Amino acid sequence: MSHLLELRRVTKVFKGGTVALDDISFSVDDDKPSIISIAGESGSGKTTMGMMALGFMPPSTGQIFYKGQDLHKLSGRDLTVFRKEVQAVFQDPFAAYNPFYKVDHIMEVPIANFKLAKSEAEAREMMEASLVSVGLRPEETLGRFPHQLSGGQRQRLAVARALLMRPKLLIADEPVSMVDASLRATILESLHKLKRELGVTILYITHDLTTAYHVSDYIIILYRGSVMEAGDVDQVITEPKHPYTQLLIDSVPWPDLSRQWGQQEIIAMDDDKSVASQTGCKFAGRCPHVMEKCKVQRPPLYQIDEHHVASCFLYDEQPVLPGEELGTLFKSKKSDFAGNGVASGVV
Ligand SMILES: Nc1ncnc2c1ncn2[C@@H]1O[C@H](COP(=O)(O)OP(=O)(O)OP(=O)(O)O)[C@@H](O)[C@H]1O
Ligand code: SF4
Ligand SMILES: [Mg+2]
């Protein structure tokens, strides 16, 4: 059976030589919907990965498949199905809205384009239902212009709009980084509801480790376009194996859950880019455990546990998981928002 989405050995090199993604493979399936966080500090390649999964930019090498079909060869009905089934929510939805159109229009367009309703009444019903499902009151939202909504309301509108399409996959790129802490929980809960009640698989792109921990089932930690560690979010966050993840987690002042991580301390340490050689471990220049071989060989993914891998020679006694099989880590399903051992609503 083909995967819902599959990245197969995808590399993206931008003009000027920046390697934004470096030989990444992973897949997600929709038989067991889950939320997978793509986390890492600024410039690690998160948005590039999301853009490519949405078909907005082609890989330099490698391929991306949706339901087994090469994304960049989709056409006609298959392309329409992809455009309906794969939705996106970005950091600043305001930027995407035409300020001259009311909220009604913003929601009517996809209904008309994808012929989602048979009548005006049905369209109205769909709009209202999806607004309600993200905690917005239709009577306070419809009839208004985007600038008459708060940032948090606009972001929920973006989720509601995506919801109309009954997507199978939602790619949410920093959806809560521009709203204040009190609204984060509401927006993240609406994402969670999409997974739980509508079976939507979500790629949650973030540099905020605390929200990733609260909302996701699985996590991929990226560093300079490569996977450092991945797997079950509880295991990765509570028992991080890779020195980079350990450093990130140590820098999170966990009691203050509203703060973002990886911004000040980590970046300040990152002054030896030259050591990020083509061949060695990309983290060698910053790693407190660096060994000779780390400078000459790229560590593969070592399997720490059934649902946990780390790309680090400290674990070279463990079996190697071929990079193409990263998706196998994301197979079991967790039950609930509060299931990762922390109280819900604290984000
Ligand atoms: N269109 C582009 N042209 C050239 N370089 C790019 C382009 N887009 C991204 N890059 C570079 O690719 C790398 C990865 O960028 P990307 O936007 O994917 O990072 P990110 O993890 O999303 O970072 P952030 O947390 O700041 O959003 C960065 O070094 C960035 O400067
Ligand atoms: S492979 Fe070596 S340099 Fe890289 S994280 Fe592990 S110990 Fe550190
Ligand atoms: Mg980004």
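At 4% relative accessibility, D217 counts as buried in this predicted model, because burial is assigned to residues with under 20% relative accessible area. The side chain of D217 meets that of K195 in a salt bridge, with a separation of 3.1 Å from N to O. K195 is likewise buried, its relative accessible area being 6%. Since K195 belongs to helix 7 (residues 181–198), whereas D217 sits in the loop between helix 8 (209–215) and strand 9 (218–223), the pair ties together parts of the chain that are 22 residues apart in sequence.

Beyond this pair, salt bridges with shared partners join D22, K282 and R298 into one network. Within this network, D22 forms a salt bridge with K282, for which the closest N and O atoms are 2.7 Å apart. The contact links distant parts of the chain, as D22 lies in strand 2 (residues 19–28) and K282 in the loop between helix 11 (265–269) and helix 12 (292–296), with the two positions 260 residues apart in the numbering. Both D22 and K282 are buried.

A further salt bridge is formed by R137 and E140, whose closest N and O atoms are 2.6 Å apart. E140 has a relative accessibility of 33% and therefore counts as partly exposed, the category that falls between the limits of under 20% for buried and over 50% for exposed residues. The pairs described here are among the 14 salt bridges that the structure holds.

Conventions. Residues are numbered from 1 along each chain as its sequence is written. Chains are lettered from A and ligands numbered from 1 in the order in which they are written. This is a predicted model: local features need pLDDT of at least 70, side-chain atom pairs count only at pLDDT 80 or more; totals for chains, interfaces and linings use all residues. Side-chain values use heavy atoms; hydrogens and water are left out. A salt bridge is a side-chain nitrogen of Lys or Arg within 4 Å of a carboxyl oxygen of Asp or Glu. Helices (H or I, at least four residues) and strands (E, at least two) are DSSP runs, numbered from the N terminus. Buried means under 20% relative accessible area, exposed over 50%, partly exposed in between (1.4 Å probe, protein chains only).
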